[in-house]
Amino acid sequence: MNDTITAIATAYGVGAVCIVRLSGSNSLSLAAKLTKNKNLKPRHATLCDIFLSNGEFIDEGIVIYFKAPYSFTGEDVIEFQMHGGIVIADTIVNELISLGARLASPGEFSKRAFLNDKMDLSKAENIQSMINAKSQNAIKILARTMHGELKEFVDSLRNELTKTLAYVETCIDYAEDDLPPEILTQTMNLLNKNIEKLTQIINISEQRQGLIDGFKIAIIGKPNVGKSSILNSMLKFNRAITSDIAGTTRDTIQESIKIGTHLVKIIDTAGIRNSDDNIENIGISHSINAANEADIIIAVFDSSKKSDKEDMEILEICKKSGKEILNVLNKNDLEFKFDLELKNPIKISAKANTDDILKNLEIYLNTKNYDGLMLSSNRQIISSKNTLNSLKNAKELLNEFELELFAFEINEAIMSISSITKPFERSEILDEMFSNFCLGK
């Protein structure tokens, strides 16, 4: 980490302003060469002319110097705020590289911030999650987590388990009768409390992951029920080809749309039916996969025709999926003939509008809003699941008074939960073991 790195910090493309970031021990000297200004003051915005090494003028912009350790990375950091444009940003980056900087690898600025104790792993992940968040509620959740809510939870659990492990390891050579019964009871209560808390957090995080990643909504149905027409109506433009010929849609079509405060992905699928066409069957298999992977399924039926086996198959796919289902009876402008009883069907004509579908989707998506602690990445969920499994194993081993194996599982739990924020060090147990010794002992 002795080298100085640089990269464009804003979206690549044309815009009003672009920012080039520089971090490392040589940042100030490199900035002085580009600006011909050796008097940049820390945390002051300075209007500077920017030059190439041959003295040629490039641009005029704001240069800000963040002196170590009071910067994002904990190192000397320079930010060049220039007029937006691909050529200007690239020129500055290339010039800095020619002067001795190195192009930063993806995430390297945040990695340096972590290594320099400017943030923990959970905060680093939350920064990326905030950039990619697909709902306003997700931003609120992640903002609280960035202020330390998740770190507090991890640190609290980690400290409790460390104390438990330290005590058990000091008692590991004693017989069962020598261990105070109240300690065993307290330890069991601690395990039960944390097992319950972890279970709740994991379930909530998995159920509401769409708040951060974006909910997926699959439109399924047999051919010619109007799935593509519904997609086009929801998007307010003709994205999918529509026709009266069955099997027009051969593959899934994905588009993003904002519903209320949620940015969701709508997936139009090929009509599901029995077919002798190999290409169509591939599309049908994609349709079923899309339904299984979606958070919400819009099941579309033709209200102008009597139900058939293909409609029954759609209902069976919905039932097996276990997902939230919105049943839609399309072609409501024609004579009603559909004879299956559906749960709370939404009756529409896609030719007119799909407002009722959007309204029902918004109502459901708003029920997924959440104000509590939530894990923001799949890595955090996996770490929490590993912790939970270790605690459950430890509980069984404590009942059997297998203290050595109990200590092993508690240690595994500490390692897993610690990986969310920062690696666990064995010295923490030693500190806890000796913390209650007499002064001078």
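This is a short tour of aromatic rings, charges over rings and one annotated region in a predicted model.

**Stop 1: F51 and F57.** Two aromatic pairs turn up in this structure. For one of them, select F51 and F57 and show their side chains: the ring centres are 6.0 Å apart and the planes meet at 70°, so this pair is edge-to-face, as angles over 60 degrees count that way. Now colour by accessibility. F51 is buried, at 16% relative accessibility, while F57 is partly exposed at 44%.

**Stop 2: F301 and F338.** Move on to F301 and F338, whose ring centres lie 5.5 Å apart; their planes are at 45°, so the pair is tilted. Trace the backbone from each ring and you will see that the pair links distant parts of the chain, 37 residues apart. F301 belongs to strand β10 (residues 296–302), and F338 sits in the loop between β11 (324–330) and β12 (346–347). Are these rings buried or exposed? F301 is buried, with 0% relative accessibility, and F338 is buried too, at 7%.

**Stop 3: charges over rings.** Go back to F51 and add K36 to your selection. The charged end of K36 is over the F51 ring, 4.4 Å from its centre. Next, pick R21 and F72: here R21 lies over the face of F72, 5.4 Å from the ring centre.

**Stop 4: residues 384–411.** Finish by selecting residues 384–411, which an unreviewed UniProt entry annotates as a "coiled-coil region". In the model, this stretch is 89% helix and 0% strand. Draw a distance between the C-alpha atoms at its two ends, and you should find them 14 Å apart.

Notes: Residues numbered from 1 in each chain as written. Predicted model: local features only at pLDDT ≥ 70, side-chain atom pairs only at ≥ 80, totals over all residues. Heavy atoms only, no water. UniProt positions renumbered as here; feature names shortened; annotations may be inferred. Helix = DSSP H or I, 4+ residues; strand = E, 2+ residues; numbered from the N terminus. Phe/Tyr/Trp six-rings, centres within 6.5 Å; stacked < 30°, edge-to-face > 60°. Buried < 20%, exposed > 50% of the residue type's maximum accessible area, 1.4 Å probe, protein only. Lys NZ or Arg CZ within 6 Å of the ring centre and 35° of its normal.
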